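Subject: Structure handover

Hello,

Here is the structure I promised to pass on. Please open it first, then read my notes below.

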Amino acid sequence: MPSQSVSLANHLAAGCRHSVGLCSDGTVVASGGDSAGEGAVGGWSDIVAVAAGNVHAFTNTGKSHTVGLKSDGTVLAVGWNGNGQCDVSSWNSIRTVAAGWRFTLGVCQDGTVVATGRSTEGQAAVNEWCGVTAVTCGDWHSVGVTTAGTVLAAGNNRAGQLDVVGWRDVVGVSAGYLHTLACTVDGSSLAVGARNSGVDIVLTWRNVVQVSAGSHHSVGLTGSGRVLAAGSNSHGQCDVQDWRDVIAVAAGARHTLGLRADGVVLATGSDEHGQCNVGSWPHLL
């Protein structure tokens with residue numbers, strides 16, 4: 001169950017001010033802010049995973065980028081490219097991607113990791129990582145899961161968001177603004193970093209099959225299709241208690257998305273830029 005949910009998570013992406021969905025036919029839909037062209041995904045096809053940049057909601061993060069992984073292992077990117085975060089045209093043999101604030105990561109078929117974009121805080125120092133199965137990007141940090149279920153981390157550690165050395169049996173990770181979440185084989189949840197993001201509550205969650213970290217909130221998906229949320233609820237981004245039959249979640253800066261088993265996408269939280277305007281999207285499954 002965890003591996004399936006982590007895979008389905010690639011169908012949804014929530015950025016600072018926009019949302020992205022992967023349709024069953026390999027095309028992509030987007031809603032919300034498009035000031036840098038991050039929503040220009042209408043011509044994409046043959047996509048197997050999507051990612052959205054920008055996690056925190058500060059005034060200097062209005063621009064963002066969107067990344068798509070094609071079935072042939074190449075990668076597409078649109079939107080803000082101020083630090084080269086969209087310079088992925090030379091990538092190949094990629095099996096999964098992640099997008100953060102001004103940077104992008106990709107896991108190669110051989111388990112190594114590539115990075116492009118901002119590296120000032122050390123978030124791009126992943127060239128020595130190996131045996132990696134999945135990665136996630138925060139604002140200023142990068143996290144990876146290995147085939148052994150251990151976790152690697154690089155970048156800024158101002159709130160302890162890199163303190164993952166002792167984590168074991170991990171099957172999924174998610175990096176937020178200043179916190180990091182994980183779920184394990186037995187359904188337990190792990191969390192480190194800024195406490196105002198709900199990390200203490202996340203540690204009590206059980207039967208969790210996927211986690212997603214927003215700017216200041218945390219979201220978890222249970223094996224029964226219920227959704228859990230903790231941390232800031234300033235814009236209603238944690239109002240997920242009534243959601244049912246959910247199979248994937250994505251946390252943006254101040255909004256949350258959920259993919260239901262029938263392919264319908266749910267949204268709650270800030271809709272200031274139309275990022276929750278997903279009602280017109282086709283069913284994603």
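The largest pocket has a volume of about 770 Å³. Its lining counts 37 residues, and the closest to the pocket centre are Ala9, Asn10, Val97, Val135 and Val173. Please keep in mind that this is a predicted model.

What is the lining made of? Nonpolar residues number 26, polar residues ten, and there is one charged residue. Several strands contribute. Strands E1 (12–14), E4 (47–52), E7 (94–99) and E10 (132–137) each supply at least two lining residues. So much for part of the list; strands E13 (170–175), E16 (208–213) and E19 (246–251) also supply at least two each.

**The chain as a whole**

The protein chain has two helices and 21 strands. Its C-alpha atoms fill a box of roughly 45 × 40 × 35 Å, taken along the principal axes. There are 285 residues, and 59% of them count as buried. The chain exposes about 10,400 Å², with 46% of that supplied by carbon and sulfur atoms. Among contacts with a separation of 6 or more, 44% are between residues 24 or more positions apart.

**Strands E16 and E17**

Start with E16, one of the strands that line the pocket. Six of its six residues are buried. E16 runs antiparallel to strand E17 (residues 217–222), and five bridges join the two. In this pairing, alanine 213 of E16 stands opposite serine 218 of E17. A hairpin of three residues connects E16 to E17.

Threonine 222 belongs to E17. Is threonine 222 buried or exposed? Threonine 222 counts as buried because its relative accessible area is 7%, and the cut-off for buried is under 20%. What does threonine 222 touch, leaving aside residues up to four places away in sequence? The answer is Arg206, Asn207, Val208, Val209 and Leu228. Two of these names, Val208 and Val209, fall within E16 (208–213). Isoleucine 247 is 25 residues from threonine 222 in sequence, and their C-alpha atoms are 8.7 Å apart. Isoleucine 247 falls within strand E19 (246–251).

**Strands E4, E5 and E6**

Strand E5 (residues 65–70) is mostly covered, with six of its six residues buried. Its side chains go two ways. His65, Val67 and Leu69 point one way, while Thr66, Gly68 and Lys70 point the other. Both sets are buried.

Which strands pair with E5? E4 is one of them, antiparallel and joined by five bridges. E6 (residues 75–79) is another, also antiparallel with five bridges. Valine 67 appears in both pairings. Alanine 51 stands opposite valine 67 on the E4 side, and alanine 77 in E6 stands opposite valine 67 as well. E5 and E6 make a hairpin with four residues between the strands. In that hairpin, glycine 73 takes a positive phi near 90°.

**Strands E8 and E9**

Here is another hairpin. Strand E8 (residues 103–108) and strand E9 (residues 113–117) pair in the antiparallel sense over five bridges. Threonine 104 has threonine 116 in E9 as its bridge partner. Four residues lie between E8 and E9. Glycine 111, in the turn, has a positive phi of about 90°.

Serine 119 comes in the loop between E9 and E10. Serine 119 counts as partly exposed because its relative accessibility is 44%, which is between the 20% and 50% cut-offs. Serine 119 and arginine 102 are 17 residues apart in sequence, with 8.8 Å between their C-alpha atoms.

**After strand E21**

Last, look at serine 270. Where does serine 270 lie? Serine 270 is in the segment after strand E21 (265–269). Serine 270 is buried, as its relative accessible area is 7%. The residues that serine 270 touches are His235, Arg254, His255, Gln275 and Cys276, not counting those up to four places away in sequence.

That is the handover.

Best wishes

Technical notes:
Residues are numbered from 1 along each chain as its sequence is written. This is a predicted model: local features need pLDDT of at least 70, side-chain atom pairs count only at pLDDT 80 or more; totals for chains, interfaces and linings use all residues. Side-chain values use heavy atoms; hydrogens and water are left out. On a 1 Å grid over the protein atoms alone, a cavity is a set of points where a 1.4 Å probe fits but cannot get out, and a pocket is an open set with protein on both sides within 12 Å along at least five of seven lines; lining residues have an atom within 4 Å of a point. Grid points are joined across faces, edges and corners, and a volume is the space filled by probe spheres set on the points. Ala, Val, Leu, Ile, Met, Phe, Trp, Tyr, Cys and Pro count as nonpolar, Asp, Glu, Lys and Arg as charged, and the others, Gly among them, as polar. Buried means under 20% relative accessible area, exposed over 50%, partly exposed in between (1.4 Å probe, protein chains only). Two strands pair if DSSP finds at least two bridges between them. Contact means heavy atoms within 4.5 Å. Accessible areas come from the Shrake-Rupley method with a 1.4 Å probe; for residues, only the protein chains shown count as cover.
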